[in-house]
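Student: Could you show me how to read the contacts in a model of protein chains and DNA?
Tutor: Gladly; let us look at the model together.

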2 protein chains.
Amino acid sequence: MSSRTDKKQQTRQNLIDAALGLLNQQRSFGSLSLREVAREAGLAPNAFYRHFDDMEDLGLALVDVAGQGLRTVMREARQKLAHSQSVIDASVAALFDHIAREPQLFHMLLREQGSGSESWRRAIRTEIRYFTNELAEDLERLGQAKQRPIFDPYATADAMVAITFGGAGNALSMTADSRAELAARLVQQLRMIMLGSERMAEPKA
Amino acid sequence: MSSRTDKKQQTRQNLIDAALGLLNQQRSFGSLSLREVAREAGLAPNAFYRHFDDMEDLGLALVDVAGQGLRTVMREARQKLAHSQSVIDASVAALFDHIAREPQLFHMLLREQGSGSESWRRAIRTEIRYFTNELAEDLERLGQAKQRPIFDPYATADAMVAITFGGAGNALSMTADSRAELAARLVQQLRMIMLGSERMAEPKA
DNA sequence: CGCATTTGTGTACGCGTGTACACAAAAGTT
DNA sequence: AACTTTTGTGTACACGCGTACACAAATGCG
């Protein structure tokens with residue numbers, strides 16, 4: 001069975017890839033047209049409706065794909081952790097690798113948090129919160145292991161994520177060299193947050 | 001003289017206001033049409049060209065307006081500084097005031113950093129860098145005054161700006177209550193950065 | 001096989017778009 | 001007062017858009 005199901009999945013994927021292919025610094029998802037995406041995917045405009053209700057529906061699918069990719073990166077970063085010097089170095093390196101590999105997905109996730117429909121924005125925020133929560137747990141566990149607890153793990157993780165994603169968003173339109181500089185500065189900034197959070201957790205103060 | 005010049009400036013301003021009025025969470029600047037803006041401003045479509053070359057030109061004007069507003073807020077924050085407890089509290093409060101007062105301008109500046117033409121993005125980045133540089137100077141001066149120097153003032157200021165603007169971007173789609181919570185967390189996070197930066201500047205370490 | 005379902009095509013529609021052109025009314029200039 | 005310049009209008013065009021409808025080809029199922 002499922003020569004048909006397979007093919008359907010395939011052209012669905014083609015539509016997703018087509019949309020991603022059209023996204024770059026100049027173009028936001030909101031400016032893509034249904035016909036444009038269908039054309040890019042080699043389909044008649046009407047065939048689009050066999051796979052998605054409308055462009056918003058496609059957009060939600062894209063957020064989903066991007067979110068899965070992000071979570072994969074997190075896992076990779078944790079695996080590398082054992083062999084690397086610090087969580088921070090490993091995480092930043094993994095993230096920047098991912099960005100270099102699939103910039104369009106990040107473009108979506110980072111740069112269109114503020115546009116689009118309500119459900120669209122909520123989906124993106126959910127993905128990022130997911131990311132933040134897992135980092136918060138990591139930080140807390142790590143702090144206990146090191147006997148150096150941190151202050152308000154969620155706020156700390158949130159700050160780190162904000163810095164990292166903000167930086168990553170800027171990295172999208174940079175040369176490889178500038179990216180390396182940015183990554184180095186990011187590491188410093190994350191260290192500041194880490195140290196500051198530890199300091200704020202110290203008794204007395 | 002200049003009954004004409006005045007009137008021209010006036011309708012130009014009308015076009016700018018019309019564009020801002022059309023911007024909200026759902027609508028990005030890139031999705032506005034020339035006709036739409038002209039309509040909102042009570043003008044025939046063609047009259048648009050008497051004031052701007054095209055929509056991109058209008059966009060650059062908007063960035064300019066937003067940037068001026070931002071710098072004004074900075075100055076206000078510095079003036080309040082003397083009467084307030086900390087730079088951080090004062091700055092965050094001033095910024096959030098401004099956001100509540102003119103959300104559309106911030107929507108533009110914060111949420112469309114990553115879309116639009118090259119010149120558009122560069123203009124926005126320039127405005128933010130301006131902001132960051134002035135903060136860096138403040139931090140350095142303050143550190144010397146307190147005998148508590150900070151580490152790499154620019155990187156520190158950059159981290160603070162990233163956090164603040166990231167938070168401010170999220171605040172745009174929040175209720176007043178949530179905003180207050182967010183502002184409180186922001187203050188904590190900025191303190192972390194401050195403390196961490198001071199720690200990193202400590203000799204030996 | 002024969003019929004039903006699914007996936008995709010072609011045509012057609014009404015609409016909003018950017019913008020070109022010709023023109024009107026007002027303001028500035030001499 | 002006679003002119004030029006500036007600001008805005010009205011009409012018109014070709015285009016891309018979303019989507020409705022009728023139909024073709026392939027696949028799945030009895």
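Tutor: We will go through the DNA surface, the chain interface and the domains in turn.

Student: What should I know before reading any values?
Tutor: This is a predicted model, in which local features need pLDDT of at least 70 and side-chain atom pairs count only at pLDDT 80 or more, while totals for chains, interfaces and linings use all residues. Residues are numbered from 1 along each chain as its sequence is written, chains are lettered from A and ligands numbered from 1 in the order in which they are written, and side-chain values use heavy atoms, with hydrogens and water left out.

Student: Which residues come nearest to DNA strand D?
Tutor: A residue is near a strand if one of its heavy atoms lies within 4 Å of it. Around DNA strand D there are 20 residues, and those that come nearest are A:Arg35, A:Asn46, B:Lys8, B:Asn46 and B:His51. Of the strand D atoms within 4 Å of the protein, 45% belong to sugar and phosphate.

Student: How do I read the polar contacts with DNA strand D?
Tutor: Look for a pair of N or O atoms within 3.5 Å; within protein, one must be able to donate a hydrogen and the other to accept it, and residues adjacent in sequence count only if both atoms are side-chain atoms. Here a polar backbone atom of A:Leu34 is 2.7 Å from a phosphate oxygen of DNA strand D. On the other chain, a backbone N or O atom of B:Ala44 also lies 2.7 Å from a phosphate oxygen of this strand. A base oxygen of DNA strand D, in turn, lies 2.6 Å from a polar side-chain atom of B:Arg50.

Student: What are the classes of the residues on that surface?
Tutor: Ala, Val, Leu, Ile, Met, Phe, Trp, Tyr, Cys and Pro count as nonpolar, Asp, Glu, Lys and Arg as charged, and the others, Gly among them, as polar. The surface near DNA strand D has 6 nonpolar, 7 polar and 7 charged residues.

Student: How many residues of chain B are in contact with chain A?
Tutor: Contact means heavy atoms within 4.5 Å. By that rule, 36 residues of chain B touch 36 residues of chain A. Buried area is the accessible area (1.4 Å probe) that two parts lose on being put together, summed over both; for these chains it is about 3,100 Å², with 53% from carbon and sulfur atoms.

Student: How many salt bridges cross the interface of chain B and chain A?
Tutor: The rule asks for a side-chain nitrogen of Lys or Arg within 4 Å of a carboxyl oxygen of Asp or Glu. It finds 4 across this interface, including A:Arg199 with B:Glu202, whose closest N and O atoms are 3.1 Å apart. There are also 8 residue pairs in polar contact, both at pLDDT 80 or more.

Student: Where does the domain assignment divide chain A?
Tutor: Domain bounds come from an automatic or database domain assignment. For chain A it gives domain 1 (1-52) and domain 2 (54-201), with 28 Å between their centres, taken over C-alpha atoms. Their contact takes 17 residues from domain 1 and 16 residues from domain 2.

Student: What does the interface of these two domains look like in area and pairs?
Tutor: Domain 1 and domain 2 of chain A bury about 1,400 Å² between them, 77% of it on carbon and sulfur atoms. A:Leu20, A:Phe29 and A:Phe52 supply 44% of the area that domain 1 buries against domain 2, more than any other three residues. The rule finds 0 salt bridges across this domain interface, and 3 residue pairs in polar contact (both at pLDDT 80 or more).
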